[in-house]
Amino acid sequence: MGAIGLILIAKLGMESAMWIWDPPFKWSCPLLFNYLHIITCLLLGVCIPGGLSSLAMCLAPGLGSIVPVSLVVCTALSIVTIAALFTWSWYVGGDHGEIQEILEPSLPDISSILVFGFINALVEEFEYRGVIMCALLPYEEASGSMTFSQIAQPHIAAVCVMQGILFGLDHFTGGFPRGWWGLLMVSSWGLALGVLRCHSGGLLLPYMVHVIADWTVGYLIYSARRDCQDEDEDEDEDEVCGENE
């Protein structure tokens, strides 16, 4: 088993441990809870032989392999992503669930939303389109770009579908979007990002789409909080007026 396989096992093991343990710092330090398995992957990659080269392959941007078709797909996927997130937020009436409670305190303004998008997208792309896909694909295919006909080969398509489903399951209860509709939407989106990663030969374009998605999520969470604050202020004003009368 190669270094990348060990890193994947460590990631899955730490995620399972966090799910079983449900540590007390889940709410007091949500960033540590959410990213502890990624920290484990990075530490293991530094410590084991061949780990650094495996991490470099997982994080390869694929700059030399980007073609106009990939850029078109990236742009179209970004537009569809923004529309889908706004539609789901409208569908649930701004009730975004657990993720609203977790992220709301850390997104007080636009600058924090921008930082959140850059960091969270990097972590999740490294995790799914990086570690998982590089561990499951043969080296030659994991480290280079492919045509759409090559991506349609059963073993490559299966990896794209598998990581997409895992990505969707990870967002099932506490993601944005969440629930069964969220599972379908996020899994399909993860599949599309996996195809884009294979076609472009690296993480740069999937990362760009993911950053735009996380900026949109951050804005919708921030907007929902502002709406709640405005409603509370209106209710307070009504109470004051009632007391004066």
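**Exercise 1. State which pattern the chain follows along the sequence.**

Solution. Read from start to end, the pattern is α-α-α-α-α-α-α-α-α-α-α-α. The chain accordingly has 12 helices and zero strands. Here helices (H or I, at least four residues) and strands (E, at least two) are DSSP runs, numbered from the N terminus. The model is a predicted one, in which local features need pLDDT of at least 70, side-chain atom pairs count only at pLDDT 80 or more, and totals for chains, interfaces and linings use all residues. Residues are numbered from 1 along each chain as its sequence is written, and side-chain values use heavy atoms, with hydrogens and water left out.

**Exercise 2. Classify methionine 162 and glutamine 150 as buried, partly exposed or exposed.**

Solution. Step one is the rule: buried means under 20% relative accessible area, exposed over 50%, and partly exposed in between (1.4 Å probe, protein chains only). Step two is methionine 162, which is located in helix 10. Its relative accessible area is 42%, so methionine 162 is partly exposed. Step three is glutamine 150, a residue of helix 9 (residues 148–151). Because its relative accessibility is 34%, glutamine 150 also counts as partly exposed. For the whole chain of 245 residues, 44% count as buried.

**Exercise 3. Determine how helix 10 is oriented to helix 11.**

Solution. Two packed helices are described by the angle between their axes and the distance between the axes. Axes are lines fitted to C-alpha atoms, for helices over the stretch in contact, and angles run from 0 to 180 degrees between N-to-C directions. The axes of helix 10 and helix 11 (residues 179–200) come within 7 Å and cross at roughly 140°. Helix 10 is therefore oblique to helix 11. The classes are as follows: under 35 degrees is roughly parallel, over 145 roughly antiparallel, 65 to 115 roughly perpendicular, and the rest oblique.

**Exercise 4. Determine how helix 5 is oriented to helix 11.**

Solution. Helix 5 (residues 68–91) packs with helix 11 at an angle of about 170°, and their axes are 11 Å apart. Helix 5 is therefore roughly antiparallel to helix 11.

**Exercise 5. Locate proline 177 and describe the peptide bond from phenylalanine 176 to it.**

Solution. Proline 177 lies in the loop between helix 10 and helix 11. The peptide bond that runs from phenylalanine 176 to proline 177 is cis, and its omega is near 5°.
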